[in-house]
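The following paragraphs lead the reader through one protein structure. Please keep the sequence and the model in view while reading.

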Amino acid sequence: MKNLQYNWNNITNLISSIRWYVQANQTYDELEYLKTTDLEKYDNVILFLVDGLWYNWLESYWKNSFLYSRLKWQINSVFPSTTSSTITTINTWFAPSDHWVVWWNMYSKEVWWLVKILPWLNKISESNIWENVEMKNIVSKQAFYPHSKKDVFIVTSNVFKNSKYNLFYNDKTKVLWYSDLSECFAKTIWTINFNKKQKYTYTYWPDFDRKCHDYWIDSPEVMNHFEDLDYHFEKLEKIAKETNTLVIVTADHGQLNCDKIIDFKNYKDLEEMLLLPLAWEPRCQYCFVKKWFEEDFYNQVKERLSDLVD
């Protein structure tokens, strides 16, 4: 049954188009701009996700770039537009409303605590608490890759090599690890020449997002990093044209410079109404409230924080 929340142009629909290409079952409508019949023309399809590199940033800062000159469409992310939710949509081919991995920090009843879902760590202590907990018992959807009739490659950072999340979702694929930007593109190009069969490659680059977090989105560090990215994409296009390869570049979300964060430590009475620390993601927080405080908590937030949050 198709999920009517995702029957328009967003990353879930993009993934549905690719899903047909690798001959797996489809759940959602295809992307209006890119049908499976369009993909079938190519020997290689590469989905290159640059974490945090979104349309409006390119339009604001880099209209003279190679990537901007190749822009085709503006599509939406998923909700919530976080790395965790989008990456899991790409791995499972399901929307967040179906796969349930929706934020970086999530509460897991299996371990009775808040966890960083992708690195698989305790949020507070940063320790690994998952040794006896199987991933298949945490998430609701498994990866599509074992069902693919085409070769599937994953090109990703060796920083994630020991993550249970990655080990679980990368099962039954050919995983290529890289240590820097040049190696990331080199490994992606290697997949093109692996054989003469049709194949699908998913490449993930996290450092643009990381630099935006560390230095803000308009910093020299971010601009210099993008310049390197743009240079490598221009080189990749030349190889793609020679090998009947389609390279799809997209992002999982955008970012904003923000120096205003609501810290509940400044609202001790509200903090004491919580059963657990604030979880999920700053733009869309979940508050686990003690049952007997629910009505009071709601009224207090509405009265005291209505100028800051919805």
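A residue is called buried when its relative accessible area is under 20%, exposed when the value is over 50%, and partly exposed in between. By that scale Lys-174, at 32%, is partly exposed. The model under discussion is a predicted one.

Lys-174 belongs to strand β6, and the sheet that contains this strand is a suitable place to begin. The sheet is open and has 5 strands, paired in parallel in the order β6-β5-β7-β1-β8. Its edges are formed by β6 (174-178) and β8 (245-250), each of which pairs on one side only. On average, and with direction ignored, neighbouring strands are turned by 15° against each other. Within the sheet, β5 (residues 151-157) pairs with β7 (residues 199-205) in the parallel sense over 5 bridges. Here Val-152 stands opposite Tyr-200 in β7. Helix α1 (residues 11-21) lies across β1 (44-50), β7 and β8, and runs at about 150° to β1.

Charged side chains provide the next topic. Side chains of opposite charge can pair when their charged atoms come close. The model has 8 salt bridges. One of them joins Asp-151 and Lys-174, with an N to O distance of 3.2 Å. This pair connects strand β5 to strand β6, its two residues being 23 residues apart in the chain. Asp-151 has a relative accessible area of 19% and therefore counts as buried, whereas its partner Lys-174 is partly exposed.

Another salt bridge, at 2.6 Å from N to O, is formed by Arg-70 and Glu-237. It links distant parts of the chain: Arg-70 sits in the loop between α4 (66-69) and α5 (83-92), while Glu-237 lies in helix α10 (residues 220-242), 167 residues away. Arg-70 is partly exposed, at 39%.

A further salt bridge, between Lys-187 and Glu-183, has an N to O distance of 3.2 Å. Both residues lie in helix α8 (residues 181-192), 4 residues apart, or about one turn of the helix. Lys-187 is partly exposed at 23%, and Glu-183 is likewise partly exposed at 26%. Elsewhere, salt bridges with shared partners join Arg-70, Glu-237 and Lys-241 into one network.

The cysteines remain to be considered. How many disulfides does the structure hold? The count is 0. For Cys-184 the reason is distance: the closest cysteine sulfur, that of Cys-212, is 17 Å away, which is too far for a bond. Cys-184 is buried, with a relative accessible area of 0%, while Cys-287 is partly exposed at 34%.

Definitions and conventions:
Residues numbered from 1 in each chain as written. Predicted model: local features only at pLDDT ≥ 70, side-chain atom pairs only at ≥ 80, totals over all residues. Heavy atoms only, no water. Disulfide = S-S within 2.5 Å. Buried < 20%, exposed > 50% of the residue type's maximum accessible area, 1.4 Å probe, protein only. Pairing = 2+ DSSP bridges. Axes fitted to C-alpha atoms, helices over the stretch in contact; angles between N-to-C directions. Contact = heavy atoms within 4.5 Å. Salt bridge = Lys/Arg side-chain N within 4 Å of Asp/Glu carboxyl O.
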